[in-house]
There are 2 protein chains.
Amino acid sequence: MRRYATEITEELTGERVHLKGWVQKRRDLGGLIFIDLRDRSGVMQVVFNPEVSEAALETAERIRSEYVISVTGEVLQRDPSQYNDNIETGKIEVLVDEVEVLSKAETPPFQVMDESIAEDIRLKYRYLDLRKPKLQNILKLRHQLNRSIRNFLDNETFIDIETPVLSKSTPEGARDYLVPSRVHEGEFYALPQSPQIYKQLLMLSGMERYYQIVKCFRDEDLRADRQPEFTQVDIEMSFTDQEQMIELNERMITQVMKDVKGVDIETPLPRMTYAQAMAEYGVDKPDTRFGLKLNDLSDFSRSVDFKVFRSAVENGGMVKAIVLKGEESRFSRKDIDKLETYVKTYGAKGLAWLKVKEGDLNGPIAKFFSEDNRKELYETLSLENGDLILFVADTEKVVHASLGNLRNKLAKGLDLIPEGQFNFLWVTDWPLFEYDEEAGRYFAAHHPFTSPKAEDVGKLETAPEEVIANAYDIVLNGYELGGGSVRIHDAETQEKMFRALGFTDEERDEQFGFLLEAFKYGAPPHGGIAYGFDRFVMLLAGTDNIRDVIAFPKTASASDLMMNAPSKVSGEQLKELHIEVDIEE
Amino acid sequence: MRRYATEITEELTGERVHLKGWVQKRRDLGGLIFIDLRDRSGVMQVVFNPEVSEAALETAERIRSEYVISVTGEVLQRDPSQYNDNIETGKIEVLVDEVEVLSKAETPPFQVMDESIAEDIRLKYRYLDLRKPKLQNILKLRHQLNRSIRNFLDNETFIDIETPVLSKSTPEGARDYLVPSRVHEGEFYALPQSPQIYKQLLMLSGMERYYQIVKCFRDEDLRADRQPEFTQVDIEMSFTDQEQMIELNERMITQVMKDVKGVDIETPLPRMTYAQAMAEYGVDKPDTRFGLKLNDLSDFSRSVDFKVFRSAVENGGMVKAIVLKGEESRFSRKDIDKLETYVKTYGAKGLAWLKVKEGDLNGPIAKFFSEDNRKELYETLSLENGDLILFVADTEKVVHASLGNLRNKLAKGLDLIPEGQFNFLWVTDWPLFEYDEEAGRYFAAHHPFTSPKAEDVGKLETAPEEVIANAYDIVLNGYELGGGSVRIHDAETQEKMFRALGFTDEERDEQFGFLLEAFKYGAPPHGGIAYGFDRFVMLLAGTDNIRDVIAFPKTASASDLMMNAPSKVSGEQLKELHIEVDIEE
């Protein structure tokens, strides 16, 4: 019976075993041939000795890297001087008496274990790159996470129900991928951005507890952690409220982290309102693995004779600061200039700073601080010699974006982030709407089906900006891991919501008429959540490249370099689909 | 704590319980109100009595069908005269003291339990139709099957690996659904017809054991048991052969049938070669739950002085017959005419017949049979009084298609199919190619990656029609449940295969160059199988409508009547995708 490399342990010494795999490396030494044989589990050193089998040795002489071979032989203890601590099987080896070449290999375009290969080459030869144990282990972890989530939800009597991929285009949200219909001339399906409407209809149909681990699609310009198709853990439940949803998800997270990482997560998980997250961290998904919180110095700034600070506050903006305790000597003027360049990408006009040295404030703006100012600042920020203070004075939006992102950058640069720590955090009480200056209208901060707090329903049409949603996001180490909400389940509130979003009655009925009608025939209260599954894998695998967690990922321009997709198709195909290509010259 | 209806049993008599659900029916009787409350588990009768709560009764008076309500009350034994054997909870009821209306309902377009509603109406209001226990139970069964398959494969160390939905168009196979690319002008993705190439590349990458339960897409004209998007259980394994694959799948089938249906399936499952299936059943997916095998009378027919039979055989065709034991009296001349009309749809020119009555052959063709002919036919077919013999004389293709389908039709009509029986069958030794008269070339009977039997490799280019494939289909009750094969894993054989399929070298390299290159860097022997998951559910659920097993199915014209998809999209969307609609007037 064939065994995996790591199934063979010292206890099998003296036994005859059978292995299959790829040749990772061949070394010839003193008339012997040593091969590192790689399979899904790991690597085993197999040895060819003419005294054991001339024939096997002869075959081995013709074997090259990435040949697929089958070997049989005896398990031997290595001499302690030959131990290899880099591999799990490093204390043993297999002395081969039979070998068969199952498949030859030409010299591959790169050595599998070579870490220096450019990513586009690795993506073109993805099947070679996937031979790396690192990537294989991530795919295994992905499977374990998938399995653990399913086990939890199955036990909680959730039912995996598949929803359509050929769906309908909706104008709200990101850009859709479209699929022309052959049967219905001039009409198109859209690939779903999420199964949101389907899962709500499943609640209306009385399925009560639904989940799905499902592909979703967004035709957006890609960022490092985005892909055109991504996988979502989608959950919906009837007769629930925010507390029940949070409790259920905390149990799931606890179970999953134990199963997949062997880590105990304490519950209840920490919670924070959106308002608090923005105030203290400047972002809606705070990384709580480190401090560096934002200090609000707006009130204080009124008393400082520094025009930049005062005018920001007087114009309705704010002044906030991050204090780097004891770090001032690590930051030269040049370093701080670089930080300033960085915050400018978030719209800040500048980055003011002060160093605390020899019991006093130092730096170009120190002169604006009176004796009283200094005293107050010392107290407010608990300043000590060695501290560096970084200020941004601007609108609330710019201050938070600048300092929130600067905070994350500083923590990485200063190595303040403890390894192997998983900080989960609920962010609750989101605003229901976001105002888009450019479009001149409100958009749903989550999606148009999120319910407002009961006490805010009256403000839907009068003061949308004040409406708080029954929405909850789960954040892990500064990444948005998932987002959920209790849904609107009556047609009246849903209609108000669409009006607040600027839909005309016609647009609303055209797009969502069937949903509003569905609400009229008995809709249970319901809520749900969706996790970004790829991102969850990414965070558990400790990589920051989303392509590492996807077997066949696409590039930033949404290309599959291996298959060469997208690609041209025949005119005949297009004709059948009633479309023509229309390329602008 | 809220309980499901069927969680409440007689043992809870006297206890106070809390239920939530939909009002299936309300009856007012002698000052009391009775409501059938439906939830995911089933139905509970809840009773409102003014002596228990005036307020609850008053609320109940306003409650209508499909209201969503929450009730609390005491579990009572019903009087035996009031037992309702139609529901699981028919011996008890709940006497309500508290009730809350969670959601009102207008009169729905149809009563949920009404079985007489046309399917297009039910599909438009799918969320109402899905309230039917029958459909909910099928979705639960679907989930159980999904779960059971996963559990089996997980335990066998298979890894669930997701493959792309935005993939590449390939000319071989069915018609692709295309997705225009916004970033790459004039180029298109294709939705995968199966993850075939990806799963083979995963084997080349050393993942060794892969599975996925995954959506696939075919833009074909739909038949009763087909949908434009369907779900496939996709499995692939390295270092395997046909026997290992069959053994693995038999263990999976045994496990799944036990888990989902509580049925013990005996293994090894029966097997049959493709040649035998065609010869004895006329089809490549025989339903072995009943007899009615085809009898080959070609040789015999040479001695019969009946031109139709003799010329068929002399022209290289055949004569076959089905014997219906003891059924002759059930078939009038008119009935047989109808059967003739049926076989004509399969190309037969006629349906000859004989009845065995009073020790002799009767019917219009009886006169052609000599005394010797009669004797021989009696012996060959073990004829007895009451038998009806149905003959088709034609080319092999027509004879098999006519009688094979007639056989299935007769079995249904004569009620010869035992209920609740699951007859699995392997069909092996398929031809590698099918010749298409119209296209004037060979096509792959399975797909172009199926390997030929080792001894037939030499015939790939010289006598393709004789090449037998390492292919195995699993048949359940006359349906193709799944199909698999051992794959080609060397570039040389794969290149021969493409030549046999009529690819030019340029076409081959354009479409599959990356795969042929991949085979050069160490490809393990590998094989796999894919099951039609929707069909599997259909057969286990005992329905013959594929739409019953899909939460949100499409119609025969690939429409989603509920969402109204496909639909028109904006010119702006099309412009971004560099396409124009091109409708012929």
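# Exercises on a predicted model

In strand 17 of chain A, Trp426(A) is the bridge partner of Arg271(A). The exercises below concern a predicted model.

## Exercise 1: the sheet

Determine how strand 11 of chain A is placed in its sheet.

**Solution.**
1. Strand 11 (271-273) and strand 17 (residues 424-428) of chain A run parallel and are joined by three bridges. The pair Arg271(A) and Trp426(A) is a bridge between a residue and its partner in strand 17.
2. The sheet is open, has eight strands with mixed pairing, and follows the order 6-9-10-22-21-20-17-11 in chain A.
3. Strand 6 (159-160) and strand 11 of chain A are the edges; each has a single partner strand, so one side of each lacks a neighbour in the sheet.
4. Helix 7 of chain A lies across strand 11 and strand 17, and runs at about 90° to strand 11.

## Exercise 2: two annotated residues in one loop

Establish whether Glu220(A) and Gln227(A) are buried or partly exposed, and list their contacts.

**Solution.**
1. The UniProt annotation "binding site", from an unreviewed entry, includes Glu220(A) and Gln227(A).
2. Glu220(A) is in the loop between strand 9 (209-217) and strand 10 (229-238) of chain A. Gln227(A) is also found in the loop between strand 9 and strand 10.
3. Buried requires under 20% relative accessible area. Gln227(A) has 7% and is therefore buried, whereas Glu220(A), at 26% relative accessibility, counts as partly exposed.
4. Beyond its neighbours within four places in sequence, Glu220(A) is in contact with Ala174(A), Arg175(A), Arg226(A) and, from chain B, Arg182(B). A polar atom of the Glu220(A) side chain lies 2.7 Å from the backbone nitrogen of Arg175(A).
5. With residues up to four places away in sequence not counted, Gln227(A) touches Leu222(A), Ile546(A), Arg547(A), Ile550(A), Pro553(A) and Lys554(A).

## Exercise 3: Asp287(A) and the domains

Locate Asp287(A) in chain A and relate its contacts to the domain assignment.

**Solution.**
1. Asp287(A) is in the loop between helix 7 (274-281) and strand 12 (295-296) of chain A.
2. Its relative accessible area is 5%, so Asp287(A) is buried.
3. Not counting residues up to four places away in sequence, Asp287(A) touches Tyr281(A), Arg407(A), Asn408(A), Asn477(A) and Gly478(A).
4. The assignment for chain A gives domain 1 (5-103), domain 2 (290-417) and domain 3 (419-523). Arg407(A) and Asn408(A) thus fall in domain 2, and Asn477(A) and Gly478(A) in domain 3.
5. The centres of domain 2 and domain 3 of chain A, taken over C-alpha atoms, are separated by 35 Å.

Technical notes. Residues numbered from 1 in each chain as written. Chains lettered and ligands numbered in written order. Predicted model: local features only at pLDDT ≥ 70, side-chain atom pairs only at ≥ 80, totals over all residues. Heavy atoms only, no water. UniProt positions renumbered as here; feature names shortened; annotations may be inferred. Helix = DSSP H or I, 4+ residues; strand = E, 2+ residues; numbered from the N terminus. Buried < 20%, exposed > 50% of the residue type's maximum accessible area, 1.4 Å probe, protein only. Contact = heavy atoms within 4.5 Å. Polar contact = N/O pair within 3.5 Å; in protein donor to acceptor, adjacent residues only side chain to side chain. Domains from an automatic or database assignment. Pairing = 2+ DSSP bridges. Axes fitted to C-alpha atoms, helices over the stretch in contact; angles between N-to-C directions.
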